[in-house]
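Please look through the model shown below with the following paragraphs at hand. They are meant to be read side by side with the sequence and the structure.

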Protein chains: 12
Amino acid sequence: MPKTYTIINGPSLSSIGKREKMIYGSTDIHTYFKTLLERYSFEFHFCSSESEIIECILSVTAAGIVINPGAYTHTSLAIADAIKAIDIPAVEVHISNIQSRETFRRVSYVSSVVKGTISGLGLHGYRLALEALESITKPK
Amino acid sequence: MPKTYTIINGPSLSSIGKREKMIYGSTDIHTYFKTLLERYSFEFHFCSSESEIIECILSVTAAGIVINPGAYTHTSLAIADAIKAIDIPAVEVHISNIQSRETFRRVSYVSSVVKGTISGLGLHGYRLALEALESITKPK
Amino acid sequence: MPKTYTIINGPSLSSIGKREKMIYGSTDIHTYFKTLLERYSFEFHFCSSESEIIECILSVTAAGIVINPGAYTHTSLAIADAIKAIDIPAVEVHISNIQSRETFRRVSYVSSVVKGTISGLGLHGYRLALEALESITKPK
Amino acid sequence: MPKTYTIINGPSLSSIGKREKMIYGSTDIHTYFKTLLERYSFEFHFCSSESEIIECILSVTAAGIVINPGAYTHTSLAIADAIKAIDIPAVEVHISNIQSRETFRRVSYVSSVVKGTISGLGLHGYRLALEALESITKPK
Amino acid sequence: MPKTYTIINGPSLSSIGKREKMIYGSTDIHTYFKTLLERYSFEFHFCSSESEIIECILSVTAAGIVINPGAYTHTSLAIADAIKAIDIPAVEVHISNIQSRETFRRVSYVSSVVKGTISGLGLHGYRLALEALESITKPK
Amino acid sequence: MPKTYTIINGPSLSSIGKREKMIYGSTDIHTYFKTLLERYSFEFHFCSSESEIIECILSVTAAGIVINPGAYTHTSLAIADAIKAIDIPAVEVHISNIQSRETFRRVSYVSSVVKGTISGLGLHGYRLALEALESITKPK
Amino acid sequence: MPKTYTIINGPSLSSIGKREKMIYGSTDIHTYFKTLLERYSFEFHFCSSESEIIECILSVTAAGIVINPGAYTHTSLAIADAIKAIDIPAVEVHISNIQSRETFRRVSYVSSVVKGTISGLGLHGYRLALEALESITKPK
Amino acid sequence: MPKTYTIINGPSLSSIGKREKMIYGSTDIHTYFKTLLERYSFEFHFCSSESEIIECILSVTAAGIVINPGAYTHTSLAIADAIKAIDIPAVEVHISNIQSRETFRRVSYVSSVVKGTISGLGLHGYRLALEALESITKPK
Amino acid sequence: MPKTYTIINGPSLSSIGKREKMIYGSTDIHTYFKTLLERYSFEFHFCSSESEIIECILSVTAAGIVINPGAYTHTSLAIADAIKAIDIPAVEVHISNIQSRETFRRVSYVSSVVKGTISGLGLHGYRLALEALESITKPK
Amino acid sequence: MPKTYTIINGPSLSSIGKREKMIYGSTDIHTYFKTLLERYSFEFHFCSSESEIIECILSVTAAGIVINPGAYTHTSLAIADAIKAIDIPAVEVHISNIQSRETFRRVSYVSSVVKGTISGLGLHGYRLALEALESITKPK
Amino acid sequence: MPKTYTIINGPSLSSIGKREKMIYGSTDIHTYFKTLLERYSFEFHFCSSESEIIECILSVTAAGIVINPGAYTHTSLAIADAIKAIDIPAVEVHISNIQSRETFRRVSYVSSVVKGTISGLGLHGYRLALEALESITKPK
Amino acid sequence: MPKTYTIINGPSLSSIGKREKMIYGSTDIHTYFKTLLERYSFEFHFCSSESEIIECILSVTAAGIVINPGAYTHTSLAIADAIKAIDIPAVEVHISNIQSRETFRRVSYVSSVVKGTISGLGLHGYRLALEALESITKPK
């Protein structure tokens, strides 16, 4: 049975909880996702290339997407175009508060094509995004 | 008994659900808060002036703040300074996706002084912010 | 009986005709409005705070608004949002020619949400704005 | 006997009321001017070239000028220089609200050399400009 | 008998010496003003709203003003306009060195309308400003 | 016995009181310093070259520096670097209000490396700077 | 019988093939158009003034326009407005590759109001534009 | 026998004619290319990654290249460098008129390294580009 | 016999010496040229349109050009292109010092395509330009 | 036995010495590395994709990295993030002097996360980088 | 007897005619000045430091100054301030056409404080400047 | 016998190893140069003024230059012009990584006129620069 949601992660996110703990916290992202799976139905991907993310987006069949494009957030117009090309609601997540970091991290090509954005709330951002998708995608 | 959280809203937010439904949706914000109160302990304020918001922030005794400064988000440095001056975690909420609107709405003085930001997810943003605060403020 | 129009003035405008006559002329604004009342039906407000202006706008029941936000013209997004939130036609007036003054006075948040703008024509601007409203609001 | 005022129009304005009615309205500008002539004494010109407008300005002998330079508003420094070179009060008119259109239409070389500007009030702008000139040019 | 000078403070300044001591030092501003009153004749105000500051400025009858608009320094054109509207010499004070903080704190609307500016010298800035006013306002 | 403070002046400042009196006033700077020496212990330098100022800064043994780099304020990174390289508190002085002059005079490389800045208060700025240094450098 | 298409050329284009051959090539534009006339039905204009181009555009009765506004491409808003005012599809042609020349040649007011743009392909650009118009204007 | 030309397409272009028909039209790109192959000799590629496009360019042995880098047009300097590194003439094609879309789509790294650019003419752009290459590459 | 040089003047220059004497001086330009003709062989033109100037440039047969494009200096790329298209040395003249006037007068499209520029030296600029041309064009 | 250092090269660098010799010189990079291996212990990679470089960086076990990201230098934030994520000193090398080429090549995301940068010194840059790493990584 | 004029040259100008002949020509500046001295009364200076130029300006007693600040033109505010501080008319000369070189050479601090500027006319610029000074300084 | 190379240092560099050790390290630059002299033949200069550096450059007779202009790197066009004026290869050295410091330190006038740049590698940068010069200047 297909999972209800798809979580797509950009480069370096696989090591969250292991490196640069000052910025990203010390919870292991894999452990976190395991816990999350107890409550939500989703599959997840860690992609290190832009094209992998794009292909991932274009082949999604789930009811909603949670996307954290990592560093590509700020440079990839192609990822934004891919999200725009499909008809599935997406929520953007950033683990750290990108508004309080370097200036070039304040520009997001992705933000304008998603339903909404959650940033700075650590790994909880993923859970909140799934909840948001539940609200958005549930039949009214 | 003091409420656990405080929600502070900027100008015009009181009429959410009544005007400009295309942008902000048609759910009445007061009804929504009433429902939310069944599950979360919070008090809320609708302030139409910058100084009212500032005084509100400076007098908060709750464990966490949810703030939606409305149009002041993009012009008020004084509100950001007030948040920075206190020691209580704050989460910024925007009902609409400010990144897909006018350019001047993409600048937020507040974003860099809060824990995190949730935007574009409608009134659900408030609930998600309260949940985020619960995660942040609960004893570990 | 409610007045047909509402004139809303920002800070410092109450002293027009008394101070800085080089820029704003020497006709007393109160005297001018008195004369104007012989011909047009309107009420008027002098507000020194941004929130007072906002509340004034949101509570208008007249057929049209003449607004001179003074210095807030160039800094208040919240006032512009308030005008956008209501359905009443508004005309922006500036006593001096804001295009021939300092650079930061050339940006107007308000201009893009009103019907039209009249600037540089002194207190006559108010009369012209009322006439414009008459043309706009009269049944065709 | 010479006319009291001169109205100078830039390119494309002659067809107001016939094309792009969404932006400029459906009243024929020639019909409008005919009606206006019943009350005000003026001559008017429709010029499609920048130099025609300049020569028109430099040869004006009327008591005041109403000028709508159309697209030249935003690109012609030479027209602004011509207005500055003469001693006759001028009022700038724009039929549509130039502040709510494309960014490059927000710059006006002309605004800083005229008495005042009226924009966004449709063809009424011309009438209001003539009235403004009457106030400005009448003996005190 | 009216005080010789008026000190006007913007939002958050009332708590100087109590919060954010790293930036603003640990001397209590109220204690400091008390000491200062032994030597200088002045009244002082702590205003948390922009309009309160404006009204304060417009009603000053003292011989000189010391103004620290806090965060409004960088965003309030209306306060600058109010200072320009009166004929009383003003000196701007900033407790911290605003040039060595965030970029947006380097712009001051107020600086260009006051006699002079003193910044970065802590609470001493107030005393120096009063001395400067004494030099400026004493009969020659 | 070494002087307590050092005042370093940039080019053209030696003729203050003699030229451009409209901007800088008519008090002779040498006379002023003579009077000031009655109350404060300091030596002073008038340097017309950037390197002279730098060498002056690097060889200071006094307890504090008052520096008015004149036109170099806005162009010399090397002077700022020299101030940063030493451990002696410095106060920047500008005779005229640099914020109300040409745009390029609003940038100061020096402001971010000194304790504080005093500008627009004429020659009094030097006295206030010495007082500020006294407060800063006195044993607590 | 009216020609099917109209080619409108801006200033200096008449001498293509005679001057500045390094940039524009050595084929004579008149000879080229003669050859082109064997296959396509069109009339063509060489206009050296902005207003001539505008009048030319506004009086077109052909099924499509090929326009090369030369240097006016980058400075004339009035030409763009004229194209926008009519209902005939237009294709913009540039003989040289304007993207690989000076920066100010990269801005084109015209590009956003035409169907499409062909640049850098020499005189062939005209033929390609005519073919494009054939595809666009042929009945489906 | 090697094909005469190579068409290289960036991400998402493979679905032209199936998605976002408002912007890109409803003709299937594969069907279109099949028709085109009846008249021109070429091979074509759909690449979803930047590096795939680069490798494709660097290995071309055809007489000319038609390239539509899609979203990479505006962000990939590496693709531009690859085109510059080879000696084969290239023509850039964009299906939609990139000048009338978002601002960031107006910058093209590729435009300055190709022979010429064709944009806004739909799938016809590919045919026109092949014709342009025929003119450019045919022996004189 | 053809004149040795050609002087081309832009709009409004014909009235130099009659209007705006504060900026341009009170010497009549026609009188000045008459005197100049006693010593130099030249013809001169006063053109009020951009295209007239362009045609004038393109038809020059003299050994050198003196050009004062007036307000077109700052806006006309087409005039610069015309100068670049011919092989005759040109010297640009401005009567007033364009660097000490408004910011937009500091950009000159013409400056980069002429031999040299003379500005701020009043009508003498024309004589100096003719002398410069004599030096440049005389056989060595 | 693992190599002491790792050299990572971006796209197109593999053909250094074969193409664009004017910019990059005519020494074959493979021959050069062979010679270099006689003296230094390192492995090297030529990657044409961004993700390949990222994976390469994240899996490095050597004592130091020499990185020449080619065109990705100026566009890839993800590569910079990868370098920042690991704890191994890196030196950036550019064969040509990127400061004397196009403006967009002057921005380097990578420069701020490496120890240092060597540019413009041709293939020698690699040798110098290895020497620099030897100095940095040798036990003190 | 004091010379009538003073010519002040910035760094590197002493070698004009010996180095970089492509840009500055091959006439020796010393030989040129010798010839010029046959007709004009002037002294000249070659200064390699900014302060030497400033001191030179401040001590001038001649009737007029010709100044070529070389590279300092674009970076020295202090030289501009020195010219502004004295009451002697100055003419700025540049041997090459600074408008057709690098962008940063188009900004001149000096241009706005001199009478006029002559650039691009080679060493003749000096002679023309002296002639201009003769016109300006001769009694009327 | 003349030294093979010349090392030119800007202001404040003489104290490297003594002050601001956090940024520049704790090795004494004089000691370092002494060690370096055992292997390379060079003379070195510490100049605190811009003109001293310029004169130093213009009088060099060595085979190559190593230059570290310190703070002048970012502000002195005159130094860059001097390097360009001579025919001796130069390598720029910066002890700290200027790309990871303040924004204004990222602009280097010098970088575009030297062979190459080495930055961020501490005092080793000097040795690497000498090696680079050896490679560049050795007969092939």
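Between chain F and chain K, in what is a predicted model, an area of about 1200 Å² is buried, and carbon and sulfur atoms account for 52% of that area. Chain F brings 15 residues to this contact, while chain K brings 13 residues. Sorted by class, the side of chain F that touches chain K is made up of four nonpolar, five polar and six charged residues. Even with those charged residues on the side of chain F, the count of salt bridges between chain F and chain K is zero, and the count of residue pairs in polar contact, with both residues at pLDDT 80 or more, is one.

Some pairs of chains, by contrast, do not touch. Chain B and chain F have no contact with each other, and their closest C-alpha atoms are 21 Å apart. Chain C and chain I are likewise not joined by any contact, their closest C-alpha atoms lying 12 Å apart.

To see how a single chain is built, one may turn to chain A, which contains five helices and five strands. Followed along the sequence, these elements of chain A come in the pattern β-α-α-β-α-β-α-β-β-α. Chain A has 140 residues, and 63% of them count as buried. If one takes the contacts within chain A between residues at least 6 apart in sequence, 77% of these contacts join residues that are at least 24 apart.

Chain A also meets chain B, and this interface can be described in the terms used above for chain F and chain K. Here 21 residues of chain A touch 21 residues of chain B, and the two chains bury about 1700 Å² between them, with 52% of it on carbon and sulfur atoms. Three residues, Gln99(A), Leu121(A) and Leu128(A), provide 25% of the area that chain A buries against chain B, which is more than any other three residues supply.

Which polar links cross this interface? There are two salt bridges between chain A and chain B, and one of them can be followed in the side chains of Glu131(A) and Arg127(B), with a distance of 2.7 Å from N to O. In addition, ten residue pairs across the interface of chain A and chain B are in polar contact, both residues of each pair being at pLDDT 80 or more. The elements of chain A that give two or more residues to the side touching chain B are strand S5 and helix H5, the latter spanning residues 124-137. H5(A) gives the most to this side, namely seven residues. By class, the side of chain A that touches chain B holds seven nonpolar, eleven polar and three charged residues.

How are chain A and chain B placed relative to each other? A rotation of 180°, with 0.0 Å of shift along its axis, lays chain A on chain B with an RMSD of 0.0 Å. The two copies are therefore related as by a two-fold rotation axis. Within chain A, the C-alpha nearest this axis belongs to Ile118(A), at 2.2 Å from it. Both copies use the same surface, since 100% of the contact residues of chain A recur in chain B.

One residue at this meeting of chains is Ser111(A), which sits in the loop between strand S4 (90-94) and strand S5 (116-119) of chain A. Is Ser111(A) buried or exposed? Its relative accessibility is 3%, and Ser111(A) therefore counts as buried. Apart from neighbours within four places in sequence, Ser111(A) is in contact with Glu92(A) and Thr117(A) in its own chain, and with Asn97(B) and Gln99(B) in chain B.

Two further places in other chains complete the tour. In chain G, Ile29(G) belongs to helix H2, residues 29-37, and with 0% relative accessibility Ile29(G) counts as buried. Beyond neighbours within four places in sequence, the contacts of Ile29(G) are Leu13(G), Ser14(G), Ile16(G), Phe46(G), Leu123(G) and Tyr126(G). The C-alpha atoms of Ile29(G) and Gly17(G) are 6.2 Å from each other, although twelve residues separate the two along the chain.

In chain D, helix H3 (residues 50-58) has among its buried residues Glu50(D), Ser51(D), Ile53(D), Ile54(D), Cys56(D) and Ile57(D). The cover over the buried residues of H3(D) includes strand S1 (5-9), strand S2 (42-46), strand S3 (64-68) and helix H4 (77-85) of chain D, and also helix H3 (50-58) of chain G and helix H3 (50-58) of chain I.

Conventions
Residues are numbered from 1 along each chain as its sequence is written. Chains are lettered from A and ligands numbered from 1 in the order in which they are written. This is a predicted model: local features need pLDDT of at least 70, side-chain atom pairs count only at pLDDT 80 or more; totals for chains, interfaces and linings use all residues. Side-chain values use heavy atoms; hydrogens and water are left out. Copies are superposed by least squares on the C-alpha atoms of residues with pLDDT of at least 70 in both. Contact means heavy atoms within 4.5 Å. Helices (H or I, at least four residues) and strands (E, at least two) are DSSP runs, numbered from the N terminus. Buried means under 20% relative accessible area, exposed over 50%, partly exposed in between (1.4 Å probe, protein chains only). Buried area is the accessible area (1.4 Å probe) that two parts lose on being put together, summed over both. A salt bridge is a side-chain nitrogen of Lys or Arg within 4 Å of a carboxyl oxygen of Asp or Glu. A polar contact is a pair of N or O atoms within 3.5 Å; within protein, one must be able to donate a hydrogen and the other to accept it, and residues adjacent in sequence count only if both atoms are side-chain atoms. Ala, Val, Leu, Ile, Met, Phe, Trp, Tyr, Cys and Pro count as nonpolar, Asp, Glu, Lys and Arg as charged, and the others, Gly among them, as polar.
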